[in-house]
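Here is a guided look at how the strands, helices and charged side chains of this model fit together. Have the viewer open as you read, and follow along from one element to the next.

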Amino acid sequence: MIRVLLADDQALVRSGFRALLERADDIAVVGEAADGDEAIALTRAHRPDVVLMDVRMPGTDGLTATRRILTDERLPGVRVLMLTTFELDEYVFTALHAGASGFLLKDIEPDDLRQAVRTVARGDAMLAPTVTRRLIAAFVNRLGGPELAPERLAGLTPREREVVTLVAAGLSNQEIGGRLRMSPATAKTHVNRAMAKLGARDRAQLVVFAYQCGLAGLPPPR
């Protein structure tokens, strides 16, 4: 069972997401938070698999709460999926850098919402939509960040470079396997090795690194 915590300052939004998620047999909502501080407290109390976190909330906002949750050593394995009404919400850039596993627009279709939660819960990033890839590309070029040392990039095998490029394009392990004629398990192994070599904590950061070093079809940021 995938345990989900909802964090949004609007009760109607929370109740709507709860109703949509709990139609699935494999998802359970374990709590609701109206602000960032409550989201942090409830995450510590319930240890959910996924936190659906609104970006803009009164008091402690979703960005700050995300950073605190993902840097809390007592909360290993918790994933954060950002919620926003704006495709280019500037705060999402920083949230991705802080380790969020992606973001969703609040007008997402019900089936897509449930699938997004499943995707993030199993350790993948919610990166398939074109708008997400555009956000990450904009994030890299707008906020920059430390460039990858050439020797770290040189440590990737040719196959690992191929796999990182496909991860950046939003492909799942199964899709990567089909594209490169390997099993999903082998694809996952290549992804994990690339993450370890580049120091990426998850697939979302791996995509950021791919844009930073020019493996995502775009030149590195200047």
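A good place to begin is a single pair of residues: Met53 has Met82 as its bridge partner in strand 4. Please keep in mind throughout that this is a predicted model.

**The sheet around strand 3**

That pair belongs to a longer match, since strand 3 and strand 4 are joined by five bridges and pair in the parallel sense. Strand 3 also has a partner in strand 1 (residues 2–7): the two run parallel and are joined by four bridges. Here you can look for Leu5, whose bridge partner in strand 3 is Val51.

Moving on from strand 4, we come to strand 5, and these two pair in the parallel sense over three bridges. Leu83 is a residue to pick out here, with Leu104 as its bridge partner in strand 5.

What is the order of the strands in the open sheet? The five strands are arranged 2-1-3-4-5, with parallel pairing. Strand 2 (27–33) and strand 5 (103–105) are the edge strands, each pairing on one side only. On average, neighbouring strands of this sheet are turned by 25 degrees against each other, direction ignored.

As a reminder of the background, strands of a sheet pair through backbone hydrogen bonds, either parallel or antiparallel.

**How strand 3 is enclosed**

Is strand 3 (residues 50–54) largely enclosed or open to the outside? Five of its five residues are buried, so strand 3 is largely enclosed by the rest of the structure. In a regular strand the side chains alternate between the two faces of the sheet. Both faces of strand 3 are covered: on one side Val50, Leu52 and Asp54 are buried, and on the other side Val51 and Met53 are buried too.

Two helices are worth viewing against the sheet. Helix 2 lies across strand 1, strand 2 and strand 3, and runs at about 140 degrees to strand 2. Helix 3 lies across strand 3 and strand 4, running at about 175 degrees to strand 4. Helix 3 is also part of a right-handed β-α-β unit, together with strand 3 and strand 4.

**Salt bridges**

How many salt bridges are there? The count comes to 12, and three of the pairs are among those set out below.

| Acidic residue | Basic residue | Closest N to O distance |
|---|---|---|
| Asp72 | Arg44 | 2.9 Å |
| Glu162 | Arg159 | 3.0 Å |
| Glu160 | Lys197 | 2.8 Å |

Take Asp72 and Arg44, whose closest N and O atoms are 2.9 Å apart. Asp72 lies in the loop between helix 3 (62–70) and strand 4 (79–84) while Arg44 lies in helix 2 (residues 36–46), so the salt bridge ties together parts that are 28 residues apart in sequence. Asp72 is buried, at a relative accessible area of 11%, whereas Arg44 is partly exposed at 37%.

The pair Arg159 and Glu162 sits within one element. These residues are three apart in helix 8 (residues 158–168), and about one helical turn separates them. Arg159 is partly exposed, with 32% relative accessible area, and Glu162 is partly exposed as well, at 37%.

Glu160 makes its salt bridge with Lys197, with 2.8 Å between the closest N and O atoms. Because Glu160 lies in helix 8 and Lys197 in helix 10 (residues 184–198), the pair ties together parts that are 37 residues apart in sequence. Glu160 is buried at 3% relative accessibility, while Lys197 is partly exposed, with a relative accessible area of 35%.

Elsewhere, a network of salt bridges links Arg14, Arg18, Glu22 and Glu32.

**Around helix 10**

Let us stay with helix 10 a little longer. How do helix 9 (residues 173–180) and helix 10 cross? Their axes come within 8 Å and cross at roughly 105 degrees; the two helices are therefore roughly perpendicular to each other. Asn173, Gln174, Ile176 and Gly177 of helix 9 make the contact with Pro184, Ala187, Lys188 and Val191 of helix 10.

Finally, find Thr157 in the loop between helix 7 (150–154) and helix 8. Thr157 is partly exposed, with a relative accessible area of 33%. Thr157 and His190 are 33 residues apart in sequence, with 9.3 Å between their C-alpha atoms.

Technical notes:
Residues are numbered from 1 along each chain as its sequence is written. This is a predicted model: local features need pLDDT of at least 70, side-chain atom pairs count only at pLDDT 80 or more; totals for chains, interfaces and linings use all residues. Side-chain values use heavy atoms; hydrogens and water are left out. A salt bridge is a side-chain nitrogen of Lys or Arg within 4 Å of a carboxyl oxygen of Asp or Glu. Buried means under 20% relative accessible area, exposed over 50%, partly exposed in between (1.4 Å probe, protein chains only). Two strands pair if DSSP finds at least two bridges between them. A crossover is right-handed if, with the strands pointing away from the viewer, the path from the first strand over the helix to the second runs clockwise. Axes are lines fitted to C-alpha atoms, for helices over the stretch in contact, and angles run from 0 to 180 degrees between N-to-C directions. Contact means heavy atoms within 4.5 Å. Angles under 35 degrees count as roughly parallel, over 145 as roughly antiparallel, 65 to 115 as roughly perpendicular and the rest as oblique.
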